[in-house]
Amino acid sequence: MTVTIDSDGSGEHANTPGGSASVSPVDAGAPGDLRTSRAKLVVRRFARNRNALIGLVVIVLLYAAAFLSPLFAPWSYTELDYDNFLVSPSGSHWFGTSKVGEDMFALVMRGLQKSLTIGLLVGLISTSLSAIVGATAGYFGGWVDRAMMWLVDLLLVLPSFLILAILSPAFKGKTWLIFVLLLGLFSWMITARIVRGMTFTLREREYVKAARFMGQAPWRIIVKHIVPNMASLLIIDATVNVGAAVIAETGLSYFGFGVQPPDVSLGTLIASGTESAQTFPWLFLFPSMFLVVFVLAVNVVGDGLRDAIDPNSAGGRRKDRRKARKEYQDAKDKARANAPALAGKEAS
Amino acid sequence: MTAAQTMFDEQAPSENGPVLRVSDLTVSFPSESGRVQAVRGLNYEVSAGEVLGIVGESGSGKSVSSLAVMGLLPQQARISGSIKFRDRELLGLSDDQLSKIRGKRISMVFQDPLSALTPVYTVGDQIAEALRAHGHSMSKQQAHNRAVELLDLVGIPNAANRAKAFPHEFSGGMRQRAVIAIAIANDPDLIIADEPTTALDVTVQAQVLEVLKTAQEVTGAGIVIITHDLGVVAGFADRLMVMYAGKAVETGQVDEIYAHPRMPYTLGLLGSIPRLDAEERQPLVPIEGQPPSLVDLPPGCPFAPRCPMVVDACREAEPPLSDVDGSEQHRAACIRANELIAEDPDAAEVFEVEAVEEAAIAKVPREQRPIVLSVNELVKHFPLTKGAVFKRRVGTVHAVDGVSFDIRAGETLGLVGESGCGKTTTLMEILGLDTLMGGDIAILGNLTTSLTKQSRREIRRDMQVVFQDPMASLDPRMPIGDVLAEPMQVHGYSKQKIASRIPELLDLVGLRAEHAERYPAEFSGGQRQRIGIARALALEPKLIVLDEPVSALDVSIQAGVINLLDELKAKLELAYLFVAHDLSVVRHIADRVAVMYLGKIVEIGEVDGVFGDAKHPYTQALLSAIPIPDPVAERSRERIILTGDLPSPANPPRGCRFHTRCFTFAALPEDKRQRCLDEEPVLAAHGDDQQAACHFPRARAVL
Amino acid sequence: MIGFLARRLVNYVILCLVATFLAYLLASLTFDPVAILMQRNPPPPEAAIAAKRLALHFDQPIPLRFVHWLGGVVHGDFGRTVTDHNVGDELLPRMGVSLRLFLVGVTVGVILGVILGVVSAIRQYKISDYAATVFSFVILSTPVFVIGPLLKTGALQVNDWLGTEYLKFTGEQTPGFDGSWLASLGDRLRYLIVPTLTIALQQIAYYSRYQRSAMLDVLGSDFLRTASAKGLTRRRVLFKHGLRTALIPMATLFAFGFGLLIVGGTFTEHIFGWYGMGDWLIVGVNTQDANVVATVTLFVAVLVLISGWLSDVLYAALDPRVRV
């Protein structure tokens, strides 16, 4: 139950879960501590969240493994071991070999490199796009807003997976960067709609009104008050988008619509491993495992970041991590649920 | 009340002894920083037909203790002691056993009527459900019929039809009536009302209290009414219990407590209420500081850190409730109660509040002061849309329909009225500096319609705003320093200037320079409102527009903010446009007052004139609805209860807009009524600085 | 209300047409079926290629081709494939296959998802809640093309354990199965279990997260307290007042959930060898066939249209505040 204990009164302490005991309003006698920079504060809060920290460590390790392992791994992904076809994992081939004698470890690391880079780039592109478009549409309303909503509706009817599949013959044989760009261009709409919905509510907040009445320019209000107050949402969404982009990339590559041979990504590896998943499981399991672990880690980190960034969230300054984690999880779930629900309502 | 007679046994069951007896009740919750001792040993009892008022600030444990009685606390709450209802122990009963008592013998009315009803069922169904939950033999039809009778009893007009409405189609006051109907549905022995009027307008508050009185009469139940406002219970409660930090600190008969408070806290609470019946302007008594954290409370009196009378002995042991004034009825928990008995000082003396000196400009006659803001025949209409999600236009809301007033330098104009009367819209139009739908606004002599970009900027500088909600008015992601710097950055102040101005501003509103480093979430509501005021002062404006600046604060904290506003006004010679629904606050702070009803000003003038001798029946009704924290006066007051809610501004009544709720109109002979129906009254002068828009103005004592 | 729903319907129909046109346009711009033809060995004669171009109406501008195609669609003619088969002939069987898979998967997924979400909200912070959270996190982080093969492996284990090949997962029925109507249904069900599970798992994970937070929102609300104060038992309070209200935001999710489903369905069909619409899209792209791609898009669009419109209706049915 998330009952606010302090249910009486006019909301003097209403913002703080857990009642008056956890409130620490600045009392007149408290020694003023030095101003901690925003970034430091966020880092400190994030560090208190064990799951998120583990997630971050996993991501860092995955990046390190993907980009550093070629330096010391026994085989490169282009080498073929003609003595060993389809051998199971061993001392020399850590993840076994493929049917033409490729070293699975080297291949998986190469695929991971590609998938990670693509995920990061797409997450960045699509989140920035959605923040800009969504906040603009939400703040100004009118035709900008209507046009955007129409685009989003269209995307619901025409999933980006379908568009990219159709477009895939066009970038066959071209650089994978085009693929990245297209992926980014077609995955901002849903987040933009959520951002727009939040902008609608933020626009009516008294501090935004206050800024307007003091003569602040609209774009400055967007940059100073609206976007920072959605930071938690944007960060969660950026991470979720990274995860989604990796899944989309691997999915398209799985069908041969994404990264093209001879280049490999986790998707192409999983695709070629699927047929023999039962007989030669290492071909399938290793790339799948890395994919799932990465996406999972990204999602967990997204949640942790939300908590760290929001000064009102529970996890920030509490000693009891366990309880804090519970509370932030609720808050996060609410944020999640509200977002699409909001979007849905706006849609109507 | 024929319906009532068939539904309720007129007398409470003649069982002896109190209905409810709470003894040694403690409630604690787990929290990050340790266990919160929300209630720490509470004793009280309520007899049939008796009204007990429980008073305290937020977090004093007053709600928690009553939720404990209902068995509605969250599972992690640890409860000990004893709660006996008609000699039956309630603590330790299972949910099933309790649910047979809840709603049947003890019922509850909650604070926020807007969220108290399930949005997906009709009001009638929800009342019928309460009936059928306990009367299993009752048919659906019977239950429905009775629900309609109950709605009728609590004063919902056209009950049979309204029973089929969903909660969102009811106004706040109507929803609270529906909740009361649910509470009395099964003729309970005890009704607990938890701040039943806090979220409502004064006129509606008066109605709801009236309904509660009716409810008590028909059911003969004991009532526990919980509030933070000593005014509300003055005329309603028989006995009072003042709570602080989870304990009762003073109990007794209402009359005694109001006349002779024996605990400095009670004294402060009483002194913090702005009074409508105050002869001259007295400073309010703020109780500085915060209620203590209820985790690991230090030994000694929990009020000691905020108490003006504190001595060393106070910090040693927590004083027990003990008899004062030689009466067993009146008990207080203060070791210096005897001194209060001996001297009977007033609150301002004890709390050492000093009167604010008048500003130099206030001595200049009004006509000679420059006009800061003038509003002339302002009109604002909105399209009326229907449906929360699927919007479509169905009409026009006449939010503001020809409003004129002016404010001169160093003057405060209070703009009052019920919610929905158009006062906030008026304010937004003034602040918007945009093209107007009708009429004109001039700020410092500049018409808003003829502004260049440059002059608009300059006007923004001279006119600042303070909002109602201290939680929402500060960007939670900005440290206070940045919040205060923003207006100065916009208006091109140099970095050095800004850096030196921030500590100045904080000092001005009673905060300290170090606070600039902190985030809004770290401050209490009162402190945030001070920050909001500091931000408004940053550009040294001439006019500050205040939109209900204290209505979201506890009374004791409100007093501090009002005093601050008073002080700043005198010190900086500011002019205020003070929008509020609370007339006693306006009486305290304003020089002139304008009363709005349905988009029009119905009465305007100098405060003493309007409050002392109101001419418009609406002003009289508003004044009459304000409770006075004096039980004796309150009981003898004849209250004007307005019938019904504010009519929809989309379809204002013809002729005089107030005639649908007007008691003067109702008392008029038929031939005179026609004038009210046909002709819209205009503001006419009554005395030097008082105008009222009524065809038949007559004086009426309202205090 | 009726007027509103009608307007929404018109809006959806326009969206469907635009979406289909876009798909057709993009496909016609990027696809080059003739190039595939020319890669054949031995290369086909010039005349054959020219004839093919003509047959595919390559002499006309794309919008005109689309109008032609759309005109045919109105009469039930979906054009011909690159390999000169009638698209319409293949449409109905494939639609049947997909709908069978989707409908069962969605029904199971939504119901179980809502239940799981409600249970973990009510038992918040209990072991079951944590388990549900971990479950949905892992499932949502795992793409269908990993879940699918894993479930296949799992099914093999189950079959081993049962000692008979009870669970089937390649195709949708035993080829040449001959038996009574009932036996045939049983046979089909055995093929349906694993693919349905694949789809349902994702849907459960997706809906349970949202249902959990919607329910948590409601659990803290004042009206539940009012309901308890009336004397209703906890169970009645939770279900009659709590769940009923917490279902409202779910209505808007259905339209979004469908997008997930269609993409997921493509993989599921591919992995389990069901020749449905998703599989057809892959075939269409691989053979560079604009007519097939446009037809699949139209199917997807109509599905989304129906689900979007249904969620509008559902929303209005669940929430009286919207009805007015």
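How much accessible surface does chain A expose, and what share of it do carbon and sulfur atoms supply? In this predicted model, chain A exposes about 13600 Å², and carbon and sulfur atoms supply 66% of that area. With this value as a starting point, the description can proceed through chain A, then chain B and chain C, and finally to the place where chains B and C meet.

Chain A is built from 13 helices and has zero strands. Read from the N terminus, its elements are therefore α at every position, in the order α-α-α-α-α-α-α-α-α-α-α-α-α. The chain has 348 residues, and buried residues make up 57% of them. Contacts between residues that are at least 6 apart in sequence can also be examined: in chain A, 68% of these join residues at least 24 apart.

Chain B contains both kinds of element, with 25 helices and 24 strands. Its C-alpha atoms fill a box of roughly 75 × 70 × 50 Å along the principal axes. A second description of its extent is the radius of gyration. For 703 residues, a compact globule would have a value near 27 Å, and chain B has 26 Å, which agrees with that expectation. Of the 703 residues, 61% count as buried. Among contacts between residues at least 6 apart in the sequence of chain B, 69% link residues at least 24 apart. The accessible surface of chain B is about 26200 Å², and 48% of it belongs to carbon and sulfur atoms. As for charge, chain B carries 71 positive and 94 negative side chains, with the centres of the two sets 6 Å apart.

Chain C has 14 helices and zero strands. Its C-alpha atoms occupy a box of roughly 85 × 60 × 40 Å, again taken along the principal axes. Of its 324 residues, 56% are buried. Where contacts in chain C connect residues at least 6 apart in sequence, 75% of them join residues at least 24 apart. The accessible surface of chain C amounts to about 14000 Å², and carbon and sulfur atoms account for 69% of this area. Chain C has 26 positive and 20 negative side chains, and the centres of these two sets are 16 Å apart.

One residue in the interior of chain C may serve as an illustration. Leu253(C) is found in helix α11, which comprises residues 248-272 of the chain. Its relative accessible area is 2%, so Leu253(C) is buried. Leu253(C) and Tyr210(C) are 43 residues apart along the chain, and their C-alpha atoms are separated by 8.7 Å.

The next subject is the interface between chains B and C. The size of an interface is often given as the accessible area lost when the parts come together. For chain C and chain B, this buried area is about 2800 Å², and carbon and sulfur atoms give 62% of it. Arg225(C), Lys230(C) and Arg321(C) supply 24% of the area that chain C buries against chain B, more than any other three residues. In terms of contacts, 26 residues of chain C touch 34 residues of chain B.

Two of these three residues, Arg225(C) and Lys230(C), are among the buried residues of helix α9(C). How many of the nine residues of this helix are buried? Nine of the nine are, so α9(C) is largely enclosed by the rest of the structure. The cover over its buried residues comes from both chains: it includes α2 (62-70), β6 (106-109), α4 (123-134) and α7 (172-184) of chain B, together with α8 (181-219) and α10 (234-246) of chain C.

Lys230(C) shows this arrangement at the level of a single residue. It belongs to helix α9, residues 222-230 of chain C. Is Lys230(C) buried or exposed? Its relative accessibility is 3%, and a residue counts as buried under 20%, so Lys230(C) is buried. Leaving aside residues up to four places away in sequence, Lys230(C) touches Arg102(B), Gly103(B), Gln126(B), Glu129(B), Ala130(B), Ala133(B), His134(B), Ile182(B) and His241(C). Just after α9(C), Gly231(C) adopts a positive phi of about 105 degrees.

Terms used: Residues are numbered from 1 along each chain as its sequence is written. Chains are lettered from A and ligands numbered from 1 in the order in which they are written. This is a predicted model: local features need pLDDT of at least 70, side-chain atom pairs count only at pLDDT 80 or more; totals for chains, interfaces and linings use all residues. Side-chain values use heavy atoms; hydrogens and water are left out. Helices (H or I, at least four residues) and strands (E, at least two) are DSSP runs, numbered from the N terminus. The radius of gyration is taken over C-alpha atoms; the globule rule is 2.2 Å times the number of residues to the power 0.38. Buried means under 20% relative accessible area, exposed over 50%, partly exposed in between (1.4 Å probe, protein chains only). Contact means heavy atoms within 4.5 Å. Accessible areas come from the Shrake-Rupley method with a 1.4 Å probe; for residues, only the protein chains shown count as cover. Lys and Arg count as positive and Asp and Glu as negative; His and the chain ends are not counted. The place of a charge is taken as NZ of Lys, CZ of Arg, CG of Asp or CD of Glu. Buried area is the accessible area (1.4 Å probe) that two parts lose on being put together, summed over both.
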